[in-house]
Amino acid sequence: AWLEDLAVLNRRVSVQPRDYRVWLDRAEHLLKGKRLEAALEDASRAIELTGPGTPERTSGYVLSSRIQTALGQFEQAVASATSGLENHPDDQAYSIRGEAHFQLGNYAAAIEDFRAARRLDPLVQQAYQRQAEKLEAEGQVQQASLFREQAEALSPERLIQTVAHEEAAPPPFPVSPRPATPGPTPPAENR
């Protein structure tokens, strides 16, 4: 099935060689099949076919960064995601750059990117935890404590408790139904 899908994508590339989407589709497919070098070439071709400052070009950079991360080329992954962000800011670019920073041990940079991507998951929690450990090793105990608290706040158990508490909590202000038709103005003490 994978090879049949690749054959279809190859035909699409030969018929529509100037369509960046075809190159991105084939790059995604090659990534799934672990043909990483070929996937990276297709992602680069997609970038060449898109205009500067467009979300389409950033999509190519994001895919390149994902492929480079899979190849273990974390510095290049950071550079590709950064190019994407300079081209057109995108949550996915921040997210993949954060993952590459994490792999490089740049936990503060990873946290910054995860925040920019509004991302919350176990990797983000680990980034806070490892940054706390790094700061503690440097003797910055007070700063480490703040990162450790944030890591704890992002633990799956804490997030579940927070969501359950928010669902059980009453609304922050009283909600009263509005009359269907305008009625008399209530006395001042009820407003």
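Helices here are DSSP runs of H or I that are at least four residues long, numbered from the N terminus. Keep that in mind as we walk through this predicted model, because the numbering tells you where α2, α3 and α4 come from.

Let's start at helix α2, which covers residues 20–32, and its partner α3, residues 36–48. Their axes sit 8 Å apart and the packing angle is about 160°. Angles over 145 degrees count as roughly antiparallel, and therefore α2 and α3 are roughly antiparallel to each other. The crossing of α2 past α3 is left-handed. If you want to find the contact on screen, look on the α2 side for Y20, W23, L24, R26, A27, L30 and L31, which meet L36, A38, A39, D42, A43, R45 and A46 of α3. Sorted by class, that contact holds 11 nonpolar residues and three charged ones, with no polar residues.

Now turn to α2 and α4. Here the axes come within 11 Å and cross at roughly 15°. Since angles under 35 degrees count as roughly parallel, α2 and α4 are therefore roughly parallel to each other. Once again α2 makes a left-handed crossing, this time past α4. From α2, the residues involved are Y20, L24, A27, E28 and L31, while α4 brings E56, S59, G60, L63, R66, I67 and A70. The class count for this contact is seven nonpolar, two polar and three charged residues.

Next up is a pocket. The second largest pocket holds about 170 Å³ of space. Its lining is made up of L24, D25, E28, S59, V62, L63, R66, Q92 and I96. Which elements give two or more residues to that lining? They are α2, α4 (55–71) and α6 (91–104). The largest share belongs to α4, with four residues. As for the chemistry, the lining of the second largest pocket counts four nonpolar, two polar and three charged residues.

Finally, a few residues are worth clicking on again. L24 and E28 of α2 take part in the contact with α4, and both also line the second largest pocket. On the α4 side, S59, L63 and R66 belong to the contact with α2 and to the pocket lining too.

Key:
Residues are numbered from 1 along each chain as its sequence is written. This is a predicted model: local features need pLDDT of at least 70, side-chain atom pairs count only at pLDDT 80 or more; totals for chains, interfaces and linings use all residues. Side-chain values use heavy atoms; hydrogens and water are left out. Axes are lines fitted to C-alpha atoms, for helices over the stretch in contact, and angles run from 0 to 180 degrees between N-to-C directions. Angles under 35 degrees count as roughly parallel, over 145 as roughly antiparallel, 65 to 115 as roughly perpendicular and the rest as oblique. A crossing is left-handed if the near helix is turned anticlockwise from the far one by less than a right angle, and right-handed if clockwise. Contact means heavy atoms within 4.5 Å. Ala, Val, Leu, Ile, Met, Phe, Trp, Tyr, Cys and Pro count as nonpolar, Asp, Glu, Lys and Arg as charged, and the others, Gly among them, as polar. On a 1 Å grid over the protein atoms alone, a cavity is a set of points where a 1.4 Å probe fits but cannot get out, and a pocket is an open set with protein on both sides within 12 Å along at least five of seven lines; lining residues have an atom within 4 Å of a point. Grid points are joined across faces, edges and corners, and a volume is the space filled by probe spheres set on the points.
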